[in-house]
Amino acid sequence: MTQKADTKFERAPDRGNHDFKLACDILDAGKICHVGFTLDDQPYVVPMAYARMGEQLLIHGSIASRLVKNLASGLRCCATITHFDGLVYARSSFNSSMNYRSVMVFGIARPITDVDEKRRTIQVLVDHLMPGRRADLRKSTKKELNATSVLALPIETYSSKCRTGPPHDSKSDLNTPVWAGVVPLELSVGDPLDAPDVLPGVIRPDYL
Ligand SMILES: Cc1cc2nc3c(=O)[nH]c(=O)nc-3n(C[C@H](O)[C@H](O)[C@H](O)COP(=O)(O)OP(=O)(O)OC[C@H]3O[C@@H](n4cnc5c(N)ncnc54)[C@H](O)[C@@H]3O)c2cc1C
């Protein structure tokens with residue numbers, strides 16, 4: 001039995017937090033996580049979509065996926081969510097930094113096998129990833145549901161870390177006549193690109 005993850009912050013503990021509400025805010029603001037696990041002494045970190053459902057983090061994938069098969073059989077994992085909020089320009093490379101919000105969730109994911117629960121969790125994933133879309137989608141077939149695994153990772157052992165604000169320069173660098181500050185970064189939504197086979201007369205929905 002491997003040991004439970006240690007979420008005690010050693011470095012920059014002032015940026016760390018174990019508040020559930022803060023973790024939820026960070027999780028709800030993202031759509032991509034990186035899931036880490038170790039197989040035969042080799043670590044893998046796999047990017048994938050996710051959604052939060054109450055106190056669980058939902059991920060899904062093909063039943064043939066190595067990640068899904070191993071996590072479903074009880075392999076411990078760590079899902080990390082990161083928002084890159086800004087580049088922090090200090091007056092030295094040492095003090096230059098990034099503004100960010102991140103969450104790490106550790107544990108063992110539960111495979112969702114009940115068909116109704118699986119359907120519900122897929123709906124939660126769709127609602128989070130593509131808000132408004134669900135009403136326009138046909139019902140998933142049994143075959144599609146059987147080809148898909150959904151895993152629920154409990155948000156029980158977790159930690160958040162955030163950096164905000166201006167650079168923290170060394171006193172001795174403050175007289176240097178170079179610009180210092182933050183360049184904020186954010187994801188933006190582009191103009192939708194119609195699929196080449198959209199039926200004539202079908203208009204773009206408002207939720208895009
Ligand atoms: C976008 C981004 C860029 C970063 N760039 C750098 C970089 O270039 N160099 C660098 O050293 N660090 C960087 N960090 C911080 C980095 O994530 C770690 O917090 C830091 O390196 C300390 O790691 P550690 O394993 O020594 O932490 P420790 O304090 O030993 O970690 C102990 C526990 O604290 C928690 N924890 C630690 N870091 C995080 C985190 N980011 N989010 C949630 N929980 C956490 C975990 O539960 C972990 O097990 C960056 C973070 C982000 C989000």
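# Exercises on strands, helices and a ligand shell

Strands β4 and β5 (residues 56–62) run antiparallel and are joined by three bridges. This pair opens the first exercise. The model is predicted.

## Exercise 1. An open sheet

Task: Work out which strands stand at the edges of the open sheet, and why one side of each is left without a neighbour.

Solution:
- Step 1. Start from the β4–β5 pair. In it, A51 stands opposite L58 of β5.
- Step 2. Write out the strand order. The open sheet has four strands, ordered β4-β5-β9-β8, and their pairing is antiparallel.
- Step 3. Read off the edges. β4 (51–53) and β8 (110–111) each have a single partner strand, so one side of each lacks a neighbour in the sheet.
- Step 4. Recall the background. Strands in a sheet pair through backbone hydrogen bonds, in a parallel or an antiparallel sense.
- Step 5. Add the helix. α3 (residues 115–129) lies across β4, β5 and β9 (148–154). Its direction makes an angle of about 125° with β4.

## Exercise 2. The partners of β6

Task: Find how many bridges β6 and β7 pair over, then trace the other pairings of β6 with β2 and β11.

Solution:
- Step 1. Take β7. β6 and β7 pair over 11 bridges, in the antiparallel sense. In this pair, T80 stands opposite M104 of β7.
- Step 2. Take β2. Three bridges link β2 and β6, which also run antiparallel. H34 has T80 in β6 as its bridge partner.
- Step 3. Combine the two. T80 is the bridge partner of H34 and stands opposite M104.
- Step 4. Take β11. β6 pairs with β11 over four bridges, again antiparallel. Here Y89 stands opposite G181 of β11.

## Exercise 3. The shell around the ligand

Task: State how many residues surround the ligand, and which strand supplies the largest share of the shell.

Solution:
- Step 1. Count the shell. The ligand is surrounded by 17 residues. The closest are T7, E10, Y100, S159 and K161.
- Step 2. Place the shell on the strands. β6 (77–89), β7 (97–107) and β10 (157–163) each give at least two residues to it.
- Step 3. Pick out the main supplier. β7 contributes five residues, the largest share.
- Step 4. Sort by class. Seven shell residues are nonpolar, six are polar and four are charged.

## Exercise 4. The two faces of α1

Task: Decide where the buried residues of helix α1 (residues 20–28) lie around its axis, and name what covers them.

Solution:
- Step 1. List the buried residues. In α1 they are A23, I26 and L27.
- Step 2. Check the arc. These residues cover an arc of only 100° around the axis, which puts them on the same side of α1.
- Step 3. Look at the other face. K21 and D28 are exposed, on the face turned away from the buried side of α1.
- Step 4. Find the cover. β4, β5, β6, β7 and β10 are among the elements that cover the buried residues of α1.

## Exercise 5. Positive phi outside glycine

Task: For A12 and D41, decide whether each is buried or exposed, and locate each in the chain.

Solution:
- Step 1. Set the expectation. Most residues other than glycine have a negative phi.
- Step 2. Test A12. Its phi is positive, about 45°, although A12 is not a glycine. A12 lies in the segment before β1 (16–17).
- Step 3. Count the surroundings of A12. There are 9 other C-beta atoms within 10 Å, so A12 is exposed. The cut-off for exposed is 12 or fewer.
- Step 4. Test D41. Its phi is near 75°, also positive in a residue other than glycine. D41 is in the loop between β2 (32–39) and β3 (42–49).
- Step 5. Count again. D41 has 5 other C-beta atoms within 10 Å, so D41 is exposed.

## Exercise 6. The end segment and the whole

Task: Place L208 in the chain, give its distance from D191, then describe the protein overall.

Solution:
- Step 1. Locate L208. It lies in the segment after β11 (181–184).
- Step 2. Judge its exposure. With 10 other C-beta atoms within 10 Å, L208 is exposed.
- Step 3. Give the distance. L208 and D191 are 17 residues apart in sequence, and their C-alpha atoms are 8.9 Å apart.
- Step 4. Step back. The protein has four helices and 11 strands. Its C-alpha trace spans about 65 × 55 × 30 Å along the principal axes.
- Step 5. Finish with burial and contacts. Of its 208 residues, 19% count as buried. Among contacts with a separation of 6 or more, 74% join residues 24 or more positions apart.

How values were computed
Residues are numbered from 1 along each chain as its sequence is written. This is a predicted model: local features need pLDDT of at least 70, side-chain atom pairs count only at pLDDT 80 or more; totals for chains, interfaces and linings use all residues. A residue is near a molecule or strand if its C-beta atom, placed from the backbone, lies within 6 Å of it. Ala, Val, Leu, Ile, Met, Phe, Trp, Tyr, Cys and Pro count as nonpolar, Asp, Glu, Lys and Arg as charged, and the others, Gly among them, as polar. Two strands pair if DSSP finds at least two bridges between them. Two residues are in contact if their C-beta atoms, placed from the backbone, lie within 7 Å. Axes are lines fitted to C-alpha atoms, for helices over the stretch in contact, and angles run from 0 to 180 degrees between N-to-C directions. A residue is buried if 20 or more other C-beta atoms lie within 10 Å of its own, exposed if 12 or fewer, and partly exposed in between; C-beta atoms are placed from the backbone. The arc is that of the directions from the helix axis to the C-beta atoms.
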